[in-house]
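Visitor: I have a chain open on my screen and would like to talk it through. Could you help me read it?

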Amino acid sequence: MRSAALDRRWLLDGELAESLPDCIAVAWSGGIDSTALLLLLHELGFHVQAWHVDHAWHEASAADADMLRCRATSWGIPFYSRRLSTVT
């Protein structure tokens, strides 16, 4: 079985890590994929920012965005969000 450190090493080895900027904006939906990417980059020492778009597609979307803001804050990650106007 692979260790977590071994699984993460691919990101730090070679040209990929060298080509990444110091600050990375991660488009964060709150789903498992974008959350894993956000936390992995943060854990590896990259300066990350969580960027979220609230499409206002359902009534709870503003509350969802607020929950994400709270999570990012608790992790020490800057959070930026924009709520889109719904088209009627």
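Visitor: What share of the chain's residues count as buried?
Guide: In this predicted model, 26% of the 88 residues of the chain count as buried.

Visitor: And how many helices and strands are there?
Guide: The chain has 4 helices and 3 strands, and if you read along the sequence they come in the pattern α-α-β-α-β-α-β.

Visitor: Which residues make up the largest nonpolar core?
Guide: There are 12 residues in that core, namely I24, V26, W28, L38, L41, F46, V48, A50, L68, A72, I77 and F79. The elements that each give two or more residues to this core are β1 (23-27), α3, β2 and α4.

Visitor: Why would such side chains sit together?
Guide: As a general tendency, nonpolar side chains in soluble globular proteins are buried together.

Visitor: Okay, back to α3, which residues of it are buried?
Guide: The buried residues of α3 are S34, T35, L38, L40 and L41, and two of these names, L38 and L41, also appear in the largest nonpolar core.

Visitor: How far apart are the end C-alpha atoms of α3, and what span should it have?
Guide: Helix α3 covers residues 32-43, and at 1.5 Å a residue its 12 residues should span 16 Å, so the 16 Å between its end C-alpha atoms agrees with what is expected. The helix is followed by G45, whose phi is positive, near 100°.

Visitor: Which residue has a positive phi although it is not a glycine?
Guide: That is A56, with a positive phi of about 60°, and you will find A56 in the loop between β2 and α4.

Visitor: Is A56 buried or exposed?
Guide: A56 is buried, because its relative accessible area is 12% and the cut-off for buried is under 20%.

Visitor: New topic: how much space lies in the largest pocket?
Guide: About 150 Å³ of space lies in the largest pocket, and the elements that give two or more residues to its lining are β2 (47-54) and α4 (61-75).

Visitor: Which residues line that pocket?
Guide: The lining is made of S29, H52, V53, D54, H55, A56, W57, H58, S61, D64 and L68, so you meet A56 again here. By type, the lining residues divide into 4 nonpolar, 5 polar and 2 charged.

Visitor: One last thing, what about contacts between residues at least 6 apart in sequence?
Guide: Among those contacts in the chain, 62% join residues that are at least 24 apart.

Conventions
Residues numbered from 1 in each chain as written. Predicted model: local features only at pLDDT ≥ 70, side-chain atom pairs only at ≥ 80, totals over all residues. Heavy atoms only, no water. 1 Å grid on protein atoms, 1.4 Å probe; cavity = no way out; pocket = protein on both sides within 12 Å on 5 of 7 lines; lining within 4 Å. Points joined across faces, edges and corners; volume = space filled by probe spheres on them. Nonpolar A, V, L, I, M, F, W, Y, C, P; charged D, E, K, R; others polar. Expected span 1.5 Å × (residues − 1). Buried < 20%, exposed > 50% of the residue type's maximum accessible area, 1.4 Å probe, protein only. Core = buried A, V, L, I, M, F, W, Y, C linked by side-chain atoms within 4.5 Å. Contact = heavy atoms within 4.5 Å.
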